[in-house]
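Q: Please take a close look at one part of this model, the run of strands joined by hairpins. How do the strands pair, and what happens at the turns between them?

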Amino acid sequence: GIDLYRRMSSKVCAIALVGVRSAIAERIERVVLTHVEGPKVRIVLEGASNDLIADRRKVVIDGEALTLFVATRESRVWGVAYETVGSGFGGDIKVMVGYDLATDRLTGVQVVDHKETPGIGTKITMDQYTRSFVGMPLTSSFALRSEGGDLDAISGATYSSRGRAEAVRRSVALYPRVKAVLQDELLGGGP
């Protein structure tokens, strides 16, 4: 009797916990989309006339789950943005990278999340350092100048600068497959 009651109680509690976790996960995702990712994606896809959050798509490319934020202007798809991660001094640096699908150039880079040192590594989020990515072609090396690349490191924040650059390189490496998915799904296979 009591043993059966305990097993049944455990199962009921486990099922309830799964339900609560699911409900909480959806709320957390909504909050992150609205207050963290939303503002960043609106910056890197400035000029989009659609609701970037509502029009997002979830895809898997090379085993990596990505959320694609698709930008339209006059009902035509023109841009895409998605997040990738690099390793900084304090841990992962998550960046949102935007692309112009017609020119294959970056429309912007924004740091979405990081755990870098306040006042030093956090400088990677400042506009003066993120604006330098706008208009860069995909043929850029996206490495620090000290390592033979196109990007300036932030004084005192080399690891943070390197981590941001790594995240952008990862994004650029995925871009041809992201663009192909968009062409197949949204543009009917055309350019």
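A: **Strands E2, E3 and E4**

Nine bridges connect E3 with strand E4, residues 92–100, and the two run antiparallel. The model is a predicted one. Within this pairing, Val80 has Tyr99 of E4 as its bridge partner. The hairpin of E3 and E4 leaves four residues between the strands. Gly91 in that hairpin adopts a positive phi, near 135 degrees.

E3, which covers residues 76–87, also pairs with strand E2, residues 64–73. This pairing is again in the antiparallel sense and is made over five bridges. E3 thus takes part in both pairings, with E2 and with E4. One bridge between E2 and E3 can be placed by residue: Ala71 has Gly79 of E3 as its partner. The hairpin of E2 and E3 has two residues between the strands. Here Glu74 is the residue with a positive phi, near 55 degrees.

As for the setting of this part, the protein chain contains three helices and five strands. Along the sequence they follow the pattern α-β-β-β-β-β-α-α. Of the 191 residues in the protein chain, 38% count as buried. Among contacts in the protein chain with a separation of 6 or more, 51% come from residues 24 or more positions apart. The exposed area of the protein chain is about 10,800 Å², and carbon and sulfur atoms supply 54% of it.

Conventions. Residues numbered from 1 in each chain as written. Predicted model: local features only at pLDDT ≥ 70, side-chain atom pairs only at ≥ 80, totals over all residues. Heavy atoms only, no water. Pairing = 2+ DSSP bridges. Buried < 20%, exposed > 50% of the residue type's maximum accessible area, 1.4 Å probe, protein only. Contact = heavy atoms within 4.5 Å. Areas by Shrake-Rupley, 256 points an atom, 1.4 Å probe, with all protein chains shown as cover.
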